[in-house]
Amino acid sequence: MKFQSIVVLILFALFIACNQETPKQEPITSDSRPDRHSFSQPKLAVAKHLDLNLKVDFDQKKLYGTATWTIENLGKAKEIIFDTDGLNIVKVTVGQEAKEVQFLLDAQDSVLGAALHVPIEPTTNLVAIEYQTGPNAAALGWMDASMTAGKTKPFLFTQGQAILTRSWIPCQDSPGNRITYHANVSDVPDGMMAVMSATNPQEPAKNTYTFKMDQPIPPYLIALAIGDIAFKPISERTGVYAEPVMLDKVAWEFADMEKMVETAESLYGPYAWGRYDVIVLPPGFPFGGMENPRLTFATPTVIAGDRSLVSLVAHELAHSWSGNLVTNATWSDFWLNEGFTVYFERRIMEALYGADFAEMQDELEYNELIEEMKSLDSADTRLKVDMTGRNPDDGATMVPYQKGSMFLRMLEQKTDREKWDAFLKSWFEANKFTSRTTEDFLDFLKKNYLDKYQVTANVEEWVYKPGIPANCPIPHSTRLAALEKAAQDIANGLPNTKNWAPQEWVHFIRSLPESTNVATFKNLDSKFHLTQSTNAQVQLAWYEVNIRHGYVTEILPQVENYLVTVGRRYLVKAVYQALKDIGHIEDARRIFAKAKPGYHAVTRGTIEEMLK
Ligand SMILES: [Zn+2]
């Protein structure tokens, strides 16, 4: 669609004029702006419900939108403030009568974007913002057809967390503000389907789709995907979306989804969101997964062909309680989302695959945490981290995830599973559909667990002090210990690998001694066909370790095939790095040239930089 370019220019000139008149802002207290990553002041004027009208333009890689917000003017405020980032604001109207008003857009902050000030009256209850997304909208992943599995149609996905939703919708973009939304997405090209974190279609419609999310969610959970998408049910309330060429494989991989939801419910109470579906994104999707409510976004690399990587789905599903039902109020409280979710994910895996499997996963991620902590500022190893003035994405280390989970495990061990689970269930029940701070949780913990069962715990040390406290329940997996021994003994013969999970293969491969020679790698390969693996995690470990040991030429065709079909950044980065480090940079460049059209910009940028 190419409408209104002249109108846009004129309005743009007006908008520049508005900008220049922007008065100096009043100093803002932390009370009126409780979340330092949002310009909004929700205690004065708050946006509660969004009616979103979007037109999609794949040619221009642009969304044309009108966001109509139902607002409440709580403090007789003279203005309501929204977050924007790179949006071209065309026009703003207020009230039922849609009266046009002069808005003000502040100068752009490199992390937070720009505050949009809209004048309102004490009785104003509607604000409609007409806008277009900018060329660098951080939330929008426009993928060319070459980055998809089907290779015939382009694809669009959004990623809102942490503070990116403001780059495609003007909103009060704080996890502390909860909203409901209805959306109408039109101009969807023929043969393509749109889905959102809302009620979803199961059949393609004719170019226009409507959506409803009537449960209050933080704005970072508004999500949209558009592409050549088809649906397949797994159970009555669960199902999968994927490109048609991937759909059957995806459905097979996720056959246990209903069992997983039931297991989660038995631990922490009823699933609150109606349907639980997963969309598996095209190969170019650069991330792992995102817990968008009702519709988890997942990387295609979970499709391992052996149902072995479903822990990612357990993680995103667990967010239906921790994160989506009860949300961190600010990004400094991020561990409330992720620590709970990792703890919860382990419990689901334990119930489904046994305690020793969950323990193994726990130790692997504990090791990662310890490794990562070596390079972190000590202040960033606290659970509650002050993210003021920083990009909240910088706080997404293993600390909120794994240290957060171990904190909860330490608390669990103060009593027993029964009391602890009842406590967690009561936390979700008492706080559902709200956003909470660390301090809210600590109060609740004291009253309903510590005092109730007369136990003491070094809670302050865990939450506010750096490092790992001495009473950390350090995971110890006997399965991992056995693998390490088998790896060390490799010179004496090949191990018994019966029933090894891919995670075990990865650990075994990575534990092989530095001195392992090429003959041993060849021997392992001819017996266990590791070069031919379809599991991306095993492939990553095997290819990287082999390349570093000089077993390259024989496996290069498979390495090439892997790098061309997988797009997730962390899965390809280490393999390119290994090729470069051992002097095969020309091979790396040749393969990259071939793989590049299939990569997302995020992946492409990283590899380009490495190989230049
Ligand atoms: Zn998570």
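**A helix with two sides, a small sheet and a core**

On one side of helix α3, Glu262 and Ser266 are exposed, and this helix is a convenient place to begin reading the model, which is a predicted one. Facing the other way are the buried residues of α3, namely Met257, Met260, Val261, Ala264 and Tyr268. These buried residues cover an arc of only 100° around the axis, which means that they sit on the same side of α3. A general rule helps here: an α-helix has 3.6 residues a turn, so residues three or four places apart point the same way.

What covers the buried residues of α3? Among the elements that do so are the strands β16 (238-242) and β17 (276-280), together with the helices α4 (311-318), α5 and α8 (417-431). The length of α3 can be checked too: its twelve residues, 257-268, should span 16 Å at 1.5 Å a residue, and because the C-alpha atoms at its ends are 17 Å apart, the two values agree. Just after α3 comes Gly269, which takes a positive phi of about 100°.

From the helix we can turn to a sheet, which is open and consists of four strands in the order β9-β10-β14-β12, with antiparallel pairing. Strands β9 (140-143) and β12 (193-196) stand at the edges, and since each has a single partner strand, one side of each is left without a neighbour in the sheet. From one strand to the next, the twist averages 10°. Strand β9 is joined by four bridges to β10 (residues 155-158), and the two run antiparallel; Met143, for instance, has Phe155 in β10 as its bridge partner.

Strand β10 also holds Phe157. Is Phe157 buried or exposed? It is buried, because 25 other C-beta atoms lie within 10 Å, where 20 or more are enough for a residue to count as buried. Leaving out residues up to four places away in sequence, Phe157 touches Gly141, Ala225, Leu281, Phe285 and Phe297. Asn337, by comparison, is 180 residues from Phe157 in sequence and 22 Å from it in space, C-alpha to C-alpha.

Finally, we come to the interior. In soluble globular proteins, nonpolar side chains tend to be buried together. The largest nonpolar core in this model has 170 residues, and those with the most contacts inside it are Ile80, Leu116, Val195, Ile279, Val280, Val313 and Val575. Helix α5 (residues 334-353) supplies the largest share of this core, nine residues. Leu116, apart from its neighbours within four places in sequence, is in contact with Ile81, Phe82, Thr84, Ile89, Phe103, Leu105 and Pro170.

Methods:
Residues numbered from 1 in each chain as written. Predicted model: local features only at pLDDT ≥ 70, side-chain atom pairs only at ≥ 80, totals over all residues. Core = buried A, V, L, I, M, F, W, Y, C linked by C-beta atoms within 7 Å. Buried ≥ 20, exposed ≤ 12 C-beta atoms within 10 Å, placed from the backbone. Contact = placed C-beta atoms within 7 Å. Pairing = 2+ DSSP bridges. Axes fitted to C-alpha atoms, helices over the stretch in contact; angles between N-to-C directions. Expected span 1.5 Å × (residues − 1). Arc of directions from axis to C-beta.
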